[in-house]
Amino acid sequence: MRVPPRRPRHRFRYTEISGHHHFVYPQPLLVTDLVREYADTKGGDIRFGVLDVELHDIDTEHPSVSYTDPGSGERRRIVCDVIAGCDGARGVTRASLPPQRAHVARLDYGVGWLALLAESPPSSDCVVFGVHPHGFAAHMARSPQVTRYYLQCPPGDDPQNWPHERVWSELHERLSVSDGAPLTEGRLIEKRVLDMRNYVVQPMVHGRLFLAGDAAHLVAPIAAKGMNLALYDALVLVDALITYYRSGDAAGLRGYSAACLRRVWEYQEFSQWFAELLHGPSSGDPFRAGNATARLRRLFDSPVAAAAFAESYIGSGGDSNRG
């Protein structure tokens, strides 16, 4: 195998700069823990695998949800005070919004990321981003035995176009640095292509339906903010509901969409800015490549720029997670 040229490595110490720590809580583990806490500890009623879910009367004081029970085949209906739409980008709640109310802003980055899981120990003690003319690459530890990698690729690419040898050749090429340890190769246990795109639904409320998470907005994993935003939505909505049921004050519910969208747009802007830094050098456009180099240089030459980046990267109040 050809030995790739070595490039300099820059370490960005965002914890020292921001004063906040970076916590890792993989999304599947978080969901498992929340479901267990609600069902086992709190005695909550969760109905998995239901079919043909429909929303009714969401613009009235008595909205409802109907579904088909997978065991009995019976059609059932739950009458609600409010409905929280937390069923993701392809769920029924977002599709239930009247077309004239669902104003969706979209951005397509025109690139894909090949998402990989490798049965190999991490090759670094930190997240590694590779900015390279061939395309972006990343290394992220997941466990002592498993590492997450990303490789920029054409949007809609077929994962089968990336056999083991090609994947590791490109990872070595894009992530090699002059003072870093070589990558430890291993069996690839996951390969899928993510098309980099964002969207925002405005407003996030219609009647008694409150959208949250990917049902309301999608931010590409470029800035790793999807789970942050979903949790923020949930916390804002829960606080508003608690206040409403305790005192009858509906101000929090009325302000839910505006409060969430403010943070959504902050992270959308950061995602777009960061995307240009990561993808500019491989764009084939000398102007975009030059801009990306200037942005990267500024992060390490300007304490003010570094502090601003660290705040956005970690998250407001240190609320970052990497799913």
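**Exercise 1. Which residues does Ile83 touch, not counting residues up to four places away in sequence?**

Solution. The model is predicted, so work from its coordinates.
- Step 1. Use heavy atoms within 4.5 Å as the contact cut-off.
- Step 2. Before Ile83 in the numbering, list Leu55, Ile58, Pro63, Ser64 and Val65.
- Step 3. Add Arg208, Leu209 and Phe210.

**Exercise 2. Place Ile83 in the nonpolar interior.**

Solution.
- Step 1. Find the largest nonpolar core, which has 29 residues.
- Step 2. Pick out the residues with the most contacts inside this core: Ile83, Leu209, Leu211 and Tyr256.
- Step 3. Map the core onto elements. Strand S9 (187–202), strand S11 (209–211), helix H5 (226–247) and helix H7 (256–279) each give two or more residues.
- Step 4. Look for another core. A second, separate one has 26 residues, including Tyr14, Ala306, Ala310 and Ile314.

**Exercise 3. Judge whether the overall dimensions fit a compact globule or not.**

Solution.
- Step 1. Take the expected radius of gyration: near 20 Å for a compact globule of 323 residues.
- Step 2. Compare the protein's value of 22 Å, which agrees.
- Step 3. Add the spans of the C-alpha trace along its principal axes, about 65 × 45 × 40 Å.
- Step 4. Check burial: 41% of the residues are buried.
- Step 5. Check contacts with a separation of 6 or more: 66% join residues 24 or more positions apart.

**Exercise 4. Describe the surface and the charges.**

Solution.
- Step 1. The exposed area is about 17,300 Å². Carbon and sulfur atoms supply 54% of this area.
- Step 2. Count charged side chains: 35 positive and 37 negative.
- Step 3. Locate the centres of the two sets; they lie 4 Å apart.

Terms used. Residues are numbered from 1 along each chain as its sequence is written. This is a predicted model: local features need pLDDT of at least 70, side-chain atom pairs count only at pLDDT 80 or more; totals for chains, interfaces and linings use all residues. Side-chain values use heavy atoms; hydrogens and water are left out. The radius of gyration is taken over C-alpha atoms; the globule rule is 2.2 Å times the number of residues to the power 0.38. Buried means under 20% relative accessible area, exposed over 50%, partly exposed in between (1.4 Å probe, protein chains only). Accessible areas come from the Shrake-Rupley method with a 1.4 Å probe; for residues, only the protein chains shown count as cover. Lys and Arg count as positive and Asp and Glu as negative; His and the chain ends are not counted. The place of a charge is taken as NZ of Lys, CZ of Arg, CG of Asp or CD of Glu. A nonpolar core is a set of buried Ala, Val, Leu, Ile, Met, Phe, Trp, Tyr and Cys residues joined through side-chain atoms within 4.5 Å. Helices (H or I, at least four residues) and strands (E, at least two) are DSSP runs, numbered from the N terminus.
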